[in-house]
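Q: Could you take a close look at one part of this protein for me, the open sheet, and then work outwards from there? I'd like to know what it's built from and what sits around it.

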Amino acid sequence: MHYSGFDVYEKSICTVQIDGSEAEIFMAKDSPPDGADFLVIGTTIPGFSGERLADGKIKAPLTNDNANALRKLCPFTAPGRVLCKDRSFGLGDRLGIATPGHIKLFEQYDVYPVFAQQSIRELNLTNRKYEDVLDAATFAVFREGFRKSWGADGDHLKTPEDIAYALGLGFTMITLDCSEHIKSDVTKENAPALPEKYRDRYLEKQFDIGEGINISFTEAELQVIAAMYGGVIDFVTSMYNRFLKGSPASGEAEYSADFEVSIDETSTPTTPSQHYFIARELVEAGVSFATIAPRFCGEFQKGIDYVGDIAQFEKEIKIHAAIARHFRYKLSIHSGSDKFNVFPYISRECRGAFHIKTAGTNWLEAMRVVAQTDPALYREIHRYALAAFDEARQYYHVSTDVSNIPDVDALGDAELPSLFDNNDSRQLIHITYGLILNKKNPDGSCAFKDRLFGIWRQNEDVYALALEKHIGKHLELLGISKQL
């Protein structure tokens, strides 16, 4: 469909009621070489700004102000709370271009997406703001006519300032990163005395959580757990009471959002006893939370499959899932990208109720597209990534051995995409994303970023198909059924 020489996204065409009369709003695309998307606003619809067209309609650019107006006019373009659904899936689109491809997939499956999901660290590495993350998802949802509820996650937040920032913009989920409050160095030898409240609550008792599973504590074990996680309980309770707990007067909270507790950013796995203690204490403190993300046994490294004893993982997630059911929340699995070997166990033991987080795998699929469509640019970026790897690995726990990566100059153009089937090459490109996007030429211009986005604009359909295939594999192995 065409309008005034522009290509219209037909799924976006929306009729709204304004003061008793109908008006139309839709999204269209400029002609090449610009090819930018924009909104076309009916003459009677207030709140949008842009260029007045000959027929009186407004050609509105995809700005934050226009995104705010769109969310008010078309509520389906605003995020909702989805952690209450059995199955939810975080998508971590670091580039702001993946949601159209994600939508094509999530329209088909019985699972609720979190299209807008970023941490402050990711924002800094990509030079984005939370406004950018939310707006990209909003415009994609409108463009594709996606009507199912979707979420927005302020991911791995550590400070009240960052929490207020995300919630103030309308994010519908907060993932509270408790890593700075976990005292991982506590041992039986240096643990302080056990508080009396914990002694009375836990010692000499068996806690039946159903399914033939009992949790109990020795005094020495409880002493260490209380010292290790006591600060976590205080931090979580404080942030919940400050932002999400209803006031005594009205019963209403300042913000309406799902609450996830992340205890996975630590060097040692979360034992079932630790998990039970944290959940029980949060319930005792009156904290309402939707998910907890433990640190599972083995390794959930970036961009590759599970590393570890799968039998041990199967045994432990059975208990973790039972604890979550006992206290009526869902398990959250972080760094969930590409963990194909354990997805069937997650699905079975969680009984189809879970939250999975992915992020970097979407970036890897975008770079696979570059390898397919512009081999020369990919070779240039690959060489830079090798040079920058030591700097990048300071911030990630990865087992990458660059000696296992084939020489990019010895591969033919058609062989370059196969690098994304190599674990070491995947991690190389995965963890250097921020350095790649921020690399500057001597004159201050971007070395790669502008060229990359040009390729992705030209190959949007290729990227969408790649995401549909790759993320679809995640959903299939998690046992998520297609919607009728």
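A: In this predicted model, the open sheet is made of six strands in the order E1-E2-E3-E4-E6-E5, and the pairing is antiparallel. Its edges are strand E1 (2-3) and strand E5 (51-52), each of which pairs on one side only. Further in, take strand E3 (residues 21-29) and strand E4 (residues 37-41): they run antiparallel and are joined by five bridges. If you want a spot to click on, pick Ile-25, whose bridge partner in E4 is Ile-41.

Now look at what lies against those strands. Helix H4 (130-144) lies across strand E2 (6-18), E3 and E4, and runs at about 95 degrees to E2.

H4 is also a handy signpost to the next part, the aromatic rings. Searching the whole structure turns up 31 aromatic pairs. One of them joins Phe-115 and Phe-146, with 5.3 Å from centre to centre and 65 degrees between the planes. Planes over 60 degrees apart count as edge-to-face, so that's the label this pair gets. The pair ties together distant parts of the chain: Phe-115 is in strand E8 (residues 112-119), while Phe-146 is in the loop between H4 and strand E9 (151-157), 31 residues apart. Both Phe-115 and Phe-146 are buried.

For a contrast in geometry, go to Phe-296 and Phe-300, which sit 5.8 Å apart centre to centre with 35 degrees between the planes, a tilted pair. Why do these two count as buried? The cut-off is under 20% relative accessible area; Phe-296 comes out at 5% and Phe-300 at 15%, so both qualify. There's a bigger gathering too, a single aromatic cluster formed by Tyr-198, Tyr-202, Phe-207, Phe-217, Tyr-276, Phe-277 and Phe-327.

Some rings have a lysine over the face instead. Lys-85 lies over Tyr-112, 5.0 Å from the ring centre, and Lys-473 does that over Phe-340, at 4.2 Å.

E8, where Phe-115 sits, leads on to the second sheet. This one is a closed barrel of eight strands, running E7-E8-E9-E10-E13-E14-E15-E16 with parallel pairing. Ignoring direction, neighbouring strands here are turned by 25 degrees against each other on average. Strand E7 (residues 87-90) pairs with E8 in the parallel sense over three bridges, and Phe-89 has Pro-113 in E8 as its bridge partner. Elsewhere on the barrel, helix H7 (residues 219-243) lies across strand E10 (173-177) and strand E13 (258-262), at about 155 degrees to E10.

Finally, zoom out to the whole protein. The secondary structure comes to 16 helices and 16 strands. The radius of gyration is 24 Å, close to the 23 Å that the globule rule gives for 484 residues, so the protein is as compact as a globular one of that length. Its C-alpha trace spans about 80 × 65 × 45 Å along the principal axes. Buried residues account for 57% of the 484. Of the contacts between residues at least 6 apart in sequence, 70% join residues at least 24 apart, and the ring pair of Phe-115 and Phe-146 gives you a link across 31 residues to look at on screen.

Methods. Residues are numbered from 1 along each chain as its sequence is written. This is a predicted model: local features need pLDDT of at least 70, side-chain atom pairs count only at pLDDT 80 or more; totals for chains, interfaces and linings use all residues. Side-chain values use heavy atoms; hydrogens and water are left out. Rings of Phe, Tyr and Trp (its six-membered ring) pair if their centres lie within 6.5 Å; planes under 30 degrees apart count as stacked, over 60 as edge-to-face and the rest as tilted. Helices (H or I, at least four residues) and strands (E, at least two) are DSSP runs, numbered from the N terminus. Buried means under 20% relative accessible area, exposed over 50%, partly exposed in between (1.4 Å probe, protein chains only). A charge sits over a ring if NZ of Lys or CZ of Arg is within 6 Å of the ring centre and within 35 degrees of the ring normal. Two strands pair if DSSP finds at least two bridges between them. Axes are lines fitted to C-alpha atoms, for helices over the stretch in contact, and angles run from 0 to 180 degrees between N-to-C directions. Contact means heavy atoms within 4.5 Å. The radius of gyration is taken over C-alpha atoms; the globule rule is 2.2 Å times the number of residues to the power 0.38.
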